[in-house]
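The following account leads the reader through one protein chain, from its overall make-up to individual residues. Please keep the sequence and the three-dimensional view at hand while reading.

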Amino acid sequence: MLKRPHYIALGVVALLTLALLKLPNRAAANLKLAISGLFLPLFGLAGSSEDLADNAAYAALPRRELVRQIELLQKTNQLWQIHFRRLEEWKRENDRLRAQLGLPRQYPWKLRLARVVARDPANWWRTIKIDLGTRDGIVTNAPVLTSDGLVGRVSEVSFAQSQVVLLGDPDCRVAVLVGVENNREQGVIEPASSSPLDDTLVDLSYLSRNAKLAAGQPVVTSGLGGIFPKGILVGQIADFHSEGQGLYKEAMVRLAVKMNRLEEVWVMMP
């Protein structure tokens, strides 16, 4: 049963509610703002409590552990500085040799992040559509990749969207390199003849019979053909065999990118 103080409190709340409903809009807004201001100290107190808990957690770490972490970060920073200086020196040497040999300078590529917005049901494993088009500077044959490796190239461009043809499609053959660093073979990535519905495997053709192949060897773009820059990872050798009575070799390559899981991709624009 409700006691008399409870009835009084309910009556006060009801009267305040009716008064608030009858106030002009501007006055009601000012009143709400004033009431909400009363609770700000409580919110600030809650935030301060959380910060205090975090600080207490850090303070609970032993001093020796904190010193060890600081020293590790300092060493890591020093190593990165050394690597950066070496890269700068290699770049200067590369520019100098290119100038002496008369080779054109290689300019960096600009990357634009795109979201996959559609797939063609009739060609589900071979094409995707992204949300970048001519308005964003996208052009046909622009390479498309992820952090894992090569995806394909832009095949059609409209104002707001573009179609990307994926590795494994007959319209996306790629010149690649495979093998040890000092004796790499050149070949061409083609659709998988043994499993046309498998989007994880492609064929590697035009390898010489003396090609030194092994399972797990990385396959990267060669830069030939003028579309894909050199050095982008395509995949790894899964299997290989001789063809034409031993006159040449072919290999099966497992793609580095999971084509059926694409949600975002990077488009390369010079």
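Two strands are said to pair if DSSP finds at least two bridges between them. In this predicted model, strand β6 (residues 174-178) and strand β7 (residues 185-191) satisfy that criterion with five bridges, in the antiparallel sense. Within this pair, V178 of the chain is placed opposite E185 in β7. In general, the strands of a sheet pair through backbone hydrogen bonds, in either a parallel or an antiparallel arrangement.

The pair belongs to a wider arrangement. Six strands close into a barrel, and their order is β6-β7-β8-β11-β10-β9, with antiparallel pairing. On average, neighbouring strands of this sheet are turned by 40° against each other, direction ignored.

A further barrel can be traced elsewhere in the chain. Here six strands close up in the order β1-β2-β5-β4-β3-β12, and the pairing is antiparallel. From one strand to the next, the twist averages 45°. One of the pairings concerns strand β4 (residues 150-157) and strand β5 (residues 162-166), which run antiparallel and are joined by five bridges. V157 stands opposite S162 in β5.

The chain as a whole contains four helices and twelve strands. Of its 270 residues, 28% are buried. Contacts between residues at least 6 apart in sequence can be divided by separation, and 54% of them join residues at least 24 apart. The exposed surface of the chain amounts to about 18,700 Å², of which carbon and sulfur atoms supply 59%.

Attention may now turn to the interior. The largest nonpolar core comprises 41 residues, and those with the most contacts inside it are I189, L204, L262, V265 and V267. Strand β12 (residues 264-269) gives the most to this core, contributing four residues. For L204, the contacts beyond its neighbours within four places in sequence are V176, V178, G187, V188, I189, I237, E250, A251 and V253. Among these contacts of L204 is V178, the residue that stands opposite E185 in β7.

V116 offers a second point of entry. This residue lies in strand β1 (residues 110-118). Is V116 buried or exposed? V116 counts as buried because its relative accessible area is 16%, and the cut-off for burial is under 20%. Once neighbours within four places in sequence are set aside, V116 is in contact with I128, K129, I130, L262, E263, E264 and V265. Two of these contacts, L262 and V265, are also listed among the residues with the most contacts inside the largest nonpolar core. V116 and I128 are twelve residues apart in sequence, and their C-alpha atoms are 6.7 Å apart in space.

Two residues deserve notice for their backbone conformation. N141, a residue other than glycine, has a positive phi, near 70°. N141 is located in the loop between β2 (127-130) and β3 (143-145). Its relative accessibility is 33%, so N141 counts as partly exposed. Y206 likewise is not a glycine, yet its phi is positive, at about 65°. Y206 lies in strand β8 (residues 201-208), and β8 is one of the six strands in the barrel that includes β6 and β7. Y206 is exposed because its relative accessible area is 60%, and exposed residues are those over 50%.

Terms used. Residues are numbered from 1 along each chain as its sequence is written. This is a predicted model: local features need pLDDT of at least 70, side-chain atom pairs count only at pLDDT 80 or more; totals for chains, interfaces and linings use all residues. Side-chain values use heavy atoms; hydrogens and water are left out. Helices (H or I, at least four residues) and strands (E, at least two) are DSSP runs, numbered from the N terminus. Buried means under 20% relative accessible area, exposed over 50%, partly exposed in between (1.4 Å probe, protein chains only). Contact means heavy atoms within 4.5 Å. Axes are lines fitted to C-alpha atoms, for helices over the stretch in contact, and angles run from 0 to 180 degrees between N-to-C directions. A nonpolar core is a set of buried Ala, Val, Leu, Ile, Met, Phe, Trp, Tyr and Cys residues joined through side-chain atoms within 4.5 Å. Accessible areas come from the Shrake-Rupley method with a 1.4 Å probe; for residues, only the protein chains shown count as cover.
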